[in-house]
Number of protein chains: 2
Amino acid sequence: MRLSADAVRRLVSEARVATLATIDPDGRPNLVPFCFALDADTLYSGVDEKPKATKRLRRLENVKRDPRVTVLVDHYEDDWERAWWVRLRGQAAVIDGARRRHGMELLVEKYPQYREDPPTGDLVAIDVDDWLGWSSSPLE
Amino acid sequence: MRLSADAVRRLVSEARVATLATIDPDGRPNLVPFCFALDADTLYSGVDEKPKATKRLRRLENVKRDPRVTVLVDHYEDDWERAWWVRLRGQAAVIDGARRRHGMELLVEKYPQYREDPPTGDLVAIDVDDWLGWSSSPLE
């Protein structure tokens, strides 16, 4: 059953991790788990990886070439009646200036891990324009 | 750090759920969580959904048009040193005959849920040709 807009927003807001899909140069989906903070219709995400590890920056190269991304937040249980997922579509961009500072504040607030070791690389904002949530049963 | 081939295979084999990325007609990634059974280099997955729900068959339409898929198996912990992920790339196809029966046996063996309610729709096989696993720290 389709989840309500309120339920979808709450589940995304509370999630600690999601999967980010970007589009590789050859058109294949590239997937990576990522941490994020939600504010209104935007997900903010840091890149806490060394800039020299070129392989790991592929998601950024992908986003610069094609900003269309898909995000999955999901919850699995062996009791499938209690499983749910949310799929978001949006446009991603590397951000700087005031927007970067705002995103960083949200990330540090949500993840204590970032307080000791804040992301030093680029920050990405995903402006979500399509929200879809699904569960087998009504969520309590 | 990159995980060994043995570790990657073990983690995928033990996982209960993964994320499947297919390619929508407009080139965007489509994401959905899915259950699967691994045998050698193939993931088998059922579609336990009603055939009339056309929306939910999009992954099958996508695979028939472009068989290239990406799969993410990941494990999150707030202790990020203990998080890991595995990304697989491969070719997906709807299967029938002996191959379908084999996949069904594996799925029913892995998921007790399927014993009572086996998947009635198409079965998909993903032949994996690229395995990549990553963790912050060595896995015990």
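This is a short tour of a predicted model with chains A and B, stop by stop.

**Stop 1: the two chains together**

Start with both chains on screen. Two copies of a chain are related by a rotation about an axis and a shift along it. Here, a turn of 180° with a shift of 0.0 Å along the axis lays chain B on chain A, with an RMSD of 0.0 Å. That is the relation of a two-fold axis. The same surface serves both copies, since 100% of the contact residues of chain B recur in chain A.

To find where the axis passes, select B:Pro29. Among the residues of chain B, B:Pro29 comes closest to the rotation axis, with its C-alpha at 2.9 Å.

**Stop 2: where the chains touch**

Now look at the side of chain B that touches chain A. How many residues of chain B are in contact with chain A? There are 22, and they meet 22 residues of chain A. Try colouring four strands of chain B: E1 (18–23), E2 (29–34), E5 (68–75) and E6 (84–95). Each of these strands supplies at least two residues of this side. If you colour by class instead, you will find 10 nonpolar, 5 polar and 7 charged residues on the side of chain B that touches chain A.

**Stop 3: a hairpin in chain B**

Next, select strand E3 (residues 37–39) of chain B and strand E4 (residues 42–46) of chain B. E3(B) and E4(B) run antiparallel and are joined by 3 bridges. Together they form a hairpin, with 2 residues between the strands. In the turn, click on B:Ala40, which has a positive phi of about 55°.

Stay with E4(B) and add strand E7 (residues 123–135) of chain B to the selection. E4(B) and E7(B) also run antiparallel, with 5 bridges between them. A good residue to centre on is B:Tyr44 in E4(B), which has B:Ala37 opposite it and also stands opposite B:Ala125 in E7(B). Is E4(B) mostly covered or uncovered? It is mostly covered, with 4 of its 5 residues buried.

**Stop 4: a helix residue in chain A**

Finish in chain A by selecting A:Leu11, which lies in helix H1 (residues 5–14). A:Leu11 counts as partly exposed because it has 19 C-beta neighbours inside 10 Å. Leaving aside neighbours within four places in sequence, its contacts are A:Val73, A:Trp84, A:Val86 and A:Gly133. Draw a distance from A:Leu11 to A:Gly133: these residues are 122 residues apart along the chain, while their C-alpha atoms are separated by 9.1 Å.

How values were computed: Residues numbered from 1 in each chain as written. Chains lettered and ligands numbered in written order. Predicted model: local features only at pLDDT ≥ 70, side-chain atom pairs only at ≥ 80, totals over all residues. Least-squares fit on C-alpha atoms with pLDDT ≥ 70 in both. Contact = placed C-beta atoms within 7 Å. Buried ≥ 20, exposed ≤ 12 C-beta atoms within 10 Å, placed from the backbone. Nonpolar A, V, L, I, M, F, W, Y, C, P; charged D, E, K, R; others polar. Pairing = 2+ DSSP bridges.
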